[in-house]
Each structure stands twice: as structure tokens, then as C-alpha cells.
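This report describes the architecture of a protein assembly chain by chain, then turns to the contacts between chains and to the core. The sequence and structure are shown first.

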Amino acid sequence: MRERSLAIRSFTDLANPTRFVALAGRLLPWLASLTVLLFAIGLTLCFTTAADYQQGETVRIMYIHVPAAWLAMMGYTVMAASALGTLVWRHPLADVAAKCAAPIGAGFTALALVTGSLWGKPMWGTWWVWDARLTSFFILFLMYLGLIALNRAMDDAGRAAKVAAVLILVGFVNIPIIKFSVDWWNTLHQPASVLRLGGSAIDPEFRRPLLVMALAFTCLFFTLHLAAMRTEIWRRRIAAMRRQAARGAASA
Amino acid sequence: MMALYLRDLKLATRAGGGALTGILFFLAVVAVVPFGLGPDLKLLARVGPAMLWIGALLASLLGLDRLFQAEREDGALDVMLMQETPLVLVVFVKCLAHWTASGLPLVLISPLLGLFLNMEPAAILATMLTLLAGTPAITLIGAMGAAVAVALPRGGLLVSILVLPLVVPVLIFGVSAAYAAVEDPAPFLPPFLILIAISLFFAVIGPAAAAVALRASSE
Amino acid sequence: MPFRLRVDGLGASRGEDPIFRAVCLVLDAGDALLVTGRNGTGKSTFLRTLAGLHPADSGTILLEGAADPTAPVRESLHYLGHRNAMKRDLTVAENLVFWSRFSSRSGDTDPTVPPEAALETVGLGGLGHLPFGYLSAGQQRRAALARLLVAHRPVWLLDEPTAALDTASERMVEALIAGHRAAGGIVIAATHQALDVPGAQTLTMSGFAVPA
């Protein structure tokens with residue numbers, strides 16, 4: 001950020017993959033250091049704040065669980081925005097962004113599910129309950145996995161991106177319906193009130209580490225996403241060069 | 001468009017068509033349930049609507065992957081993409097034909113399977129009604145999955161993986177409406193109307209999304 | 001109405017590899033174009049780009065004098081690809097009747113041939129009742145050619161129309177092309193077999209990796 005050339009003059013500048021790779025290369029060390037720093041502060045805060053009088057030490061799981069859950073949802077939102085970019089503006093980086101966000105989003109979703117489970121065992125006495133929130137998250141996880149499977153199954157990157165974008169957007173439209181239906185289903189089968197996590201106001205004592213951790217996780221997400229996008233662009237270039245080499249050999 | 005509808009119906013019912021396979025699969029799934037749960041008639045009556053719904057869901061997903069793949073393999077999809085008729089309409093008509101050939105028979109045979117599961121007449125009727133309202137939604141959502149996976153040689157399993165999370169709401173409202181008809185306090189109408197709303201919603205979204213995906217994968 | 005197919009600066013790629021660039025063509029009613037070139041040089045991609053099935057990177061395709069100038073050009077084209085677009089489980093006649101109904105538009109005044117007559121023309125008279133899957137490869141190709149006759153389109157795009165055909169059938173294809181041109185149509189055919197099309201322009205695809 002010392003160099004003026006880093007400034008993005010317009011949106012189209014970012015669209016150029018070469019420029020993007022250069023920019024990502026400069027940004028990544030800074031972003032990564034910031035992530036480490038935030039995690040250092042956040043984790044220190046997590047372990048130095050007092051334990052909750054009801055939840056005991058297990059409240060510390062929340063500092064990881066809640067940001068992971070937020071980021072899992074943000075990951076899908078990033079994917080949906082990229083999908084829109086692919087379909088509407090045919091932005092060359094949008095399909096790379098969507099493809100790379102899927103595994104990261106799936107990772108955060110898995111983290112949220114696992115930490116939720118770990119928290120649930122001492123608090124609820126069971127690893128898993130079919131609570132509305134857990135269930136919707138589980139379905140979100142399945143959607144992430146389906147998209148990853150689709151991306152892996154297609155060899156032509158451009159076509160895969162457009163097709164996946166359709167699915168991402170339909171999934172995005174469907175998320176409120178799924179949430180609504182799961183809430184309905186849950187109230188029908190069991191009372192939901194007992195297992196509500198939120199509701200009560202969070203004490204400032206707990207809010208500070210939570211916010212720092214949320215920031216740290218967000219930085220982590222963007223670091224990983226940027227690195228994954230850069231790798232994906234390189235991978236596509238190598239694939240293009242290989243194809244060119246094959247054709248050169250064939251015509252010689 | 002009538003020509004397309006009739007052609008797809010003919011194809012589904014001729015040798016090699018998927019209509020009969022779907023019904024047999026439905027039969028097999030429901031027939032296996034008592035072996036898993038035990039022959040307790042009370043228990044079977046209680047899980048009956050849910051089993052019929054899950055069986056119908058799996059059976060309607062069965063032949064969906066071929067919906068566009070067969071057209072693509074013999075080149076017919078290319079010709080359809082070039083016509084004056086909007087692709088959305090073509091997709092919708094194909095869905096309609098697919099549902100008539102493989103969804104409707106499931107609805108019609110469900111009362112018979114309901115008897116096997118010792119369900120009350122009211123429960124049988126309610127399940128049949130909810131299946132009638134809900135299976136079109138499964139076909140329409142599935143058409144989108146089929147269009148997305150059209151270019152894949154082994155798309156069949158992938159279609160199910162992609163579509164299942166999206167049909168969860170259909171299953172939830174279908175089953176709750178079916179149960180509401182039997183269990184007293186719960187009202188039948190609200191979930192049933194929501195189910196119809198979902199079907200109508202996907203009658204719009206499904207073909208549109210499938211058309212975009214088909215165009216993208218012809219390139 | 002006389003019309004003219006005008007292609008300006010057309011280019012397309014497959015993935016990130018360019019296949020052809022800056023192709024310019026003008027074809028008047030009654031003209032024909034033979035697209036030749038070795039395997040993998042992009043003959044099929046060129047035809048698919050014209051048909052609107054493959055995205056063009058640059059350039060325009062215009063049909064001047066078309067009945068509806070706002071309609072996409074692809075609606076005025078017949079495209080016969082490598083595959084025959086016929087269902088094996090339906091009879092030949094059912095297949096043709098379907099395409100005739102599916103492709104014909106309301107208020108169409110252009111001449112179309114009934115399915116039986118079209119089958120007669122391609123030398124499959126009396127075979128209409130057989131399932132398409134029972135035919136030999138050459139017969140299947142001829143049935144696919146009959147599809148071009150049952151609904152009228154001014155421009156034909158034929159990708160290897162004579163694949164799997166014997167010499168006599170190749171003459172039949174030449175006659176079909178001549179007939180369509182005589183009626184004021186345009187034919188664009190990609191082929192690597194010697195096809196006798198009098199007065200046809202030729203476009204030789206060289207591919208990008210090979211310097212011409």
C-alpha cells in the first residue's frame with residue numbers, strides 16, 4: 001500500500017487476470033500477517049475472559065463457532081454475487097471467485113457444525129439435535145458439497161462456471177424457503193424454545209473477543225480466497241499452455 | 001408444443017422408457033420398509049405417509065438425469081436450441097411430459113401402497129393429494145439439476161446430490177400436510193397451500209434456470 | 001424476397017484457444033459454400049458458431065432480407081450436425097412428423113414437403129414405419145437429411161452430410177443441395193469428401209497452430 005500503482009483505477013482493471021494476480025501477490029502477505037495478528041489477539045482474549053456462569057468453560061467454543069457460522073453464510077453470499085457476475089456481466093474473474101469460494105465455505109460450514117456438536121455434547125447432552133438452525137446448516141453443507149462435486153466433475157472451466165452459477169443462484173433463492181420450511185418442521189415435531197442459542201443479550205465481556213475473532217475469521221476467509229483464486233488462475237494458464245503444446249506437437 | 005409433449009410421452013412408455021422403472025422402484029422402496037421396521041402394523045401406519053413421500057421422492061429423481069441428456073446425445077437438443085419457440089417453454093413442456101409419464105403414476109399407485117402400510121383412508125387420501133401437489137415441484141427442481149449435469153457422462157448420481165437439498169422444503173410440507181389430515185390439532189390447509197405455492201414458484205424458476213444452464217452447456 | 005447471408009469478422013475460440021478469426025463471407029440466395037480442412041481445424045465449430053450454438057468472440061452474422069429482421073439468425077437455419085437428432089425408439093415417420101410440427105411456425109407460407117414424400121426423396125420410401133434404431137448407419141443419415149425437407153429454412157448448415165453414405169447416396173445429397181439452391185436457398189456444408197457442388201465458394205480452415 002506504499003505504492004501508488006496499487007491503486008485500482010477502475011473496475012475493469014480488476015477484471016484483468018494478470019493485474020489481479022499481481023495485486024493478489026502484493027496484498028496476500030499483508031492480509032496473511034493481519035490474519036495472524038488478529039488471531040493472536042482474538043485467541044488471547046478468548047482464553048483470558050471469564051467463563052460463563054451457566055455454560056462454564058465451554059462458552060469459549062462459541063468464539064470459534066459463531067464466526068465460523070457467519071463466514072459460512074458469507075461464503076455462500078460471495079458465491080452468489082460471483083455467480084451473478086458470471087451470468088450477467090460475464091466477468092472473467094467471477095467464475096474463478098465462485099469456484100474458489102465453495103471449498104472454503106464448505107470448510108467453515110464443517111467447522112461450525114463440528115464446534116456446534118462439541119458444544120452441544122456438554123450443554124445438551126448429545127452430539128446432534130435436529131434443531132432448526134443445525135438442520136438448515138447441515139443442508140447448507142450439503143449444497144456446498146454438491147457444488148464442489150459439480151465443479152470437480154466438469155473439465156471445461158468456462159462451461160462449468162456458468163452451469164454452477166445457475167445452481168448457486170437457485171440455491172440462494174431457495175435458502176429462505178429451506179430456512180422457513182425447517183423452522184416449520186421443527187416447531188411441528190419438537191418445541192424449539194429450549195435449544196435456542198441466541199435470544200439473550202450478549203454481555204460486553206463476551207462481545208469483545210467474539211468481534212475480534214469474527215474479524216480474524218473474515219481476514220482468514222479473504223486470505224484463503226485470494227490465494228485460491230490466484231492458484232486457480234495459474235492452474236488455468238498451465239492447462240491452456242499444455243493444450244497449446246499438444247496442438248503444436250500435432251501440427252509439427 | 002403438443003407435438004413435443006406427445007413425443008416425450010411416447011418415448012417414456014415405449015421399450016426403454018423410464019416410466020415403468022419409476023413405479024417399480026417406488027414399489028420396491030415401500031416394500032422394503034416393513035422389513036427394516038418390523039411388521040408392527042401400528043408403527044407402519046404411523047410412518048406410512050413419510051415412507052410414501054420418501055419413496056416417491058427417490059422414484060421421481062430416478063429418471064430425471066436422462067431428461068436432457070438423451071436429447072443432447074442424439075443431437076436433438078441442438079435443433080431445439082435453434083427454434084423460435086422459447087427454450088423455457090420447451091423445458092416446461094418436457095417437464096410436464098416427464099411428470100405425466102413418471103410422476104402421475106406414482107400418485108395413482110400410492111393408495112395401493114398405503115393399504116400395504118395399514119394407513120387410514122383419510123391418511124391415504126391426504127398423502128395422495130399432497131403427492132399430486134408436490135411431485136411437480138420435484139420434477140421442476142430436478143429438471144434444473146438435469147440441465148446442470150447434462151454434459152456429464154455420469155451425471156445421474158450427481159443430479160440427485162444436487163437436487164436433494166433443494167427438495168427438502170417440498171418433503172417437509174408434503175409430509176406435514178399428510179400428517180395434519182390425521183392428527184387432530186394441526187391444520188391441513190396451510191402446509192398444503194404452501195406446498196402448492198412451492199410447486200408454482202418452481203414452475204417459474206425451474207425452467208428458466210434449466211434453460212440458462214442448457215444454453216451454457218451447449219457452448 | 002431475395003436475401004443474403006453476410007458474415008463479418010467472425011471469430012470463435014474453444015476455451016481459451018482461438019479456433020478461427022476474422023472470417024468474412026457474403027452468400028446470396030442460391031449460393032453454396034464448402035468448408036474444408038483437416039481434422040480439428042474447426043469446421044464443426046465454425047458451423048456451430050453460425051448456428052448460434054457456440055459463442056462468437058467477435059463479428060456479426062446477418063441475414064438480409066429475412067421475413068422478420070429482428071429474429072435471431074439461428075431461427076432461419078437448418079443445422080445437421082454429426083448426430084442425427086432422431087429417437088431410436090420412435091419410427092422414422094414419427095420422428096419426421098415431430099420435427100415437422102416442432103419446427104414449423106404458424107403462418108408459414110414457405111414450401112414444405114410432407115414426411116412420406118421427404119422419405120421418398122432420400123430413398124427411404126416405404127421404410128417410415130420402422131423404428132429409427134433398426135436402420136443402418138447410412139439409412140439413418142438419409143432419414144436425418146429428410147428432416148431438412150419437412151420444415152422450410154432458407155439456410156442449411158450441413159456438417160459432414162455424407163458421413164456413412166455410399167456413392168449413390170452422395171449423388172442424392174448433391175441433388176438435394178442443388179434443389180435447395182434452385183429454390184433460392186443457401187447451403188453451407190463442411191466436408192472432407194469430394195462433393196460436387198457447382199459454383200460453390202470454398203473456405204479452407206487451416207487451424208491456428210499451423211501457419212498457412
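What pattern does chain A follow when read along the sequence? In this predicted model, chain A runs α-α-α-α-α-α-α. Its secondary structure thus comes to seven helices and zero strands. Chain A has 252 residues, of which 33% count as buried. Among its contacts with a separation of 6 or more, 80% link residues 24 or more positions apart.

**Contacts of chain B**

Chain B touches both chain A and chain C, and the two contacts are described in turn.

The contact with chain A takes 23 residues from chain B and 24 residues from chain A. On the chain B side, α7 (121-148), α8 and α9 (189-218) are the elements that give two or more residues. The greatest contribution comes from α8(B), with ten residues. By class, this side of chain B has 20 nonpolar, two polar and one charged residues.

The contact with chain C takes 19 residues from chain B and 22 residues from chain C. Here α1 (2-13) and α5 (76-81) of chain B each supply at least two residues. The element that gives the most is α1(B), with five residues. The side of chain B that touches chain C has eight nonpolar, four polar and seven charged residues.

**The sheets of chain C**

Chain C contains an open sheet of three strands, in the order β2-β1-β4, with antiparallel pairing. Its edge strands are β2 (17-28) and β4 (58-64), each of which pairs on one side only. From one strand to the next the twist averages 15°. Within this sheet, β1 (residues 4-14) and β2(C) pair in the antiparallel sense over eight bridges. In that pairing, C:Arg6 stands opposite C:Val26 of β2(C). Helix α1 (residues 43-50) of chain C packs on the sheet and touches β1, β2 and β4 of chain C.

Another open sheet of chain C has five strands in the order β5-β6-β7-β3-β8, and its pairing is parallel. Because β5 and β8 (201-205) of chain C stand at the edges with a single partner strand each, one side of each is left without a neighbour in the sheet. Neighbouring strands are turned by 15° against each other on average, direction ignored. Strands β3 (residues 32-37) and β7 (residues 186-190) of chain C run parallel and are joined by four bridges. The bridge partner of C:Val35 in β7(C) is C:Ala190. Helix α1(C) lies across β3, β6, β7 and β8 of this chain, while α5(C) packs on the sheet and touches β3, β6 and β7 of chain C.

The table lists the angles between the directions of these helices and the strands named.

| Helix | Strand | Angle |
|---|---|---|
| α1(C) | β1(C) | about 125° |
| α1(C) | β7(C) | about 150° |
| α5(C) | β7(C) | about 150° |

**An enclosed helix of chain C**

Helix α4 (residues 137-150) of chain C has 14 residues. From its first C-alpha to its last it reaches 21 Å, close to the 20 Å expected at 1.5 Å a residue. Why can α4(C) be called largely enclosed by the rest of the structure? Twelve of its 14 residues are buried, so the rest of the structure largely encloses α4(C). The buried residues include charged side chains as well as nonpolar ones, among them C:Arg141, C:Arg142, C:Arg147, C:Leu145, C:Leu148 and C:Val150. The packing partners of the buried residues of α4(C) are β5 (77-80), α2 (92-103), α3 (115-121), β6 (155-159) and α5 (167-182) of chain C.

**The nonpolar core**

Which residues have the most contacts inside the largest nonpolar core? They are B:Ala213 and C:Leu157, in a core of 194 residues. Helix α8 (residues 155-182) of chain B gives the most to this core, with 18 residues. Leaving aside neighbours within four places in sequence, C:Leu157 is in contact with C:Leu47, C:Leu50, C:Ala51, C:Leu77, C:His78, C:Tyr79, C:Leu80 and C:Ile188.

Conventions: Residues are numbered from 1 along each chain as its sequence is written. Chains are lettered from A and ligands numbered from 1 in the order in which they are written. This is a predicted model: local features need pLDDT of at least 70, side-chain atom pairs count only at pLDDT 80 or more; totals for chains, interfaces and linings use all residues. A nonpolar core is a set of buried Ala, Val, Leu, Ile, Met, Phe, Trp, Tyr and Cys residues joined through C-beta atoms within 7 Å. A residue is buried if 20 or more other C-beta atoms lie within 10 Å of its own, exposed if 12 or fewer, and partly exposed in between; C-beta atoms are placed from the backbone. Two residues are in contact if their C-beta atoms, placed from the backbone, lie within 7 Å. Two strands pair if DSSP finds at least two bridges between them. Axes are lines fitted to C-alpha atoms, for helices over the stretch in contact, and angles run from 0 to 180 degrees between N-to-C directions. The expected span of a helix is 1.5 Å times one less than its number of residues.
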